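Reader: I am new to this structure and would be grateful for a close look at a single part of it, the sheet. Please explain how the strands are arranged and what lies against them.

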Amino acid sequence: MELSATTPVHLIHVDPDVNMARFYGIELQPTLFGEVSVLRTWGRIGTNGQAMMVTYEDEAQAADALNKLERQKRRRGYVPVGA
């Protein structure tokens, strides 16, 4: 299965006043069974962090989940890397 042009999302939230330096990554991964998984990684910058994968039946559902997660994180103060 070839995924459409959905680029991985890499976000950070840095606030030196409260010693916060976090990252959040979201990307789509195809499975061997024709489904699409949303891979989420998060943690403190400089660590491996944690990961979680949720599988959806088709790419449209997975892309909707990716966009929803990105909107939630941006509301909480995360910005794209390099911005």
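Author: The account below begins with the chain as a whole, follows the sheet strand by strand, and then turns to the helix, the aromatic pairs and the largest pocket.

The model is predicted. The protein chain has one helix and five strands, and from the N terminus on these elements follow the order β-β-β-β-α-β. Along the principal axes, the C-alpha atoms of the chain fill a box of roughly 45 × 20 × 20 Å.

The five strands form an open sheet, whose order is β4-β3-β2-β1-β5 and whose pairing is antiparallel. Its edge strands are β4, residues 50–56, and β5, each of which pairs on one side only.

Beginning at the β5 edge, one finds strand β5 (residues 79–80) joined to β1 by two bridges, the two strands running antiparallel. Ile12 has Val79 in β5 as its bridge partner, while Leu11 stands opposite Pro80 of that strand.

Strand β1 covers residues 9–15 and pairs with β2 in the antiparallel sense over seven bridges. Within this pairing, Val14 stands opposite Ala21 of β2. The two strands form a hairpin with four residues between them, and in the turn Asn19 has a positive phi of about 55 degrees.

The next pairing is that of β2 with β3, which is antiparallel and extends over nine bridges. Here Phe23 stands opposite Gly43 in β3. This hairpin has five residues between its strands, and Gly34 takes a positive phi near 85 degrees.

At the β4 edge, β3 and β4 pair in the antiparallel sense over seven bridges. Leu39 has Met53 as its bridge partner in β4. Five residues separate the strands of this hairpin as well, where Gly46 takes a positive phi near 100 degrees.

The helix can now be placed against the sheet. Helix α1, made up of residues 59–75, lies across β1, β2, β3, β4 and β5 and runs at about 170 degrees to β2.

Side chains add a further link between strands. The structure holds two aromatic pairs. In one of them, the rings of Tyr24 and Trp42 have their centres 6.4 Å apart and their planes at 25 degrees; planes under 30 degrees apart count as stacked, so this pair is stacked. Since Tyr24 belongs to strand β2 and Trp42 to strand β3, the pair ties together parts that are 18 residues apart in sequence.

Both of these aromatic residues also appear in the lining of the largest pocket. This pocket has a volume of about 160 Å³. Its lining consists of His13, Met20, Arg22, Phe23, Tyr24, Trp42, Gly43, Lys73, Arg76 and Tyr78. The elements that give two or more residues to this lining are β2 (20–30) and β3 (36–44), and β2 gives the most, with four residues. By class, the lining divides into five nonpolar, two polar and three charged residues. Phe23 and Gly43, which stand opposite each other in the pairing of β2 and β3, are also both among the lining residues.

In brief, the picture is of an open antiparallel sheet of five strands, with helix α1 lying across β1, β2, β3, β4 and β5. Strand β2 recurs throughout: β2 pairs with β1 over seven bridges, pairs with β3 over nine, and gives the most residues to the lining of the largest pocket.

Key:
Residues numbered from 1 in each chain as written. Predicted model: local features only at pLDDT ≥ 70, side-chain atom pairs only at ≥ 80, totals over all residues. Heavy atoms only, no water. 1 Å grid on protein atoms, 1.4 Å probe; cavity = no way out; pocket = protein on both sides within 12 Å on 5 of 7 lines; lining within 4 Å. Points joined across faces, edges and corners; volume = space filled by probe spheres on them. Nonpolar A, V, L, I, M, F, W, Y, C, P; charged D, E, K, R; others polar. Pairing = 2+ DSSP bridges. Contact = heavy atoms within 4.5 Å. Axes fitted to C-alpha atoms, helices over the stretch in contact; angles between N-to-C directions. Phe/Tyr/Trp six-rings, centres within 6.5 Å; stacked < 30°, edge-to-face > 60°.
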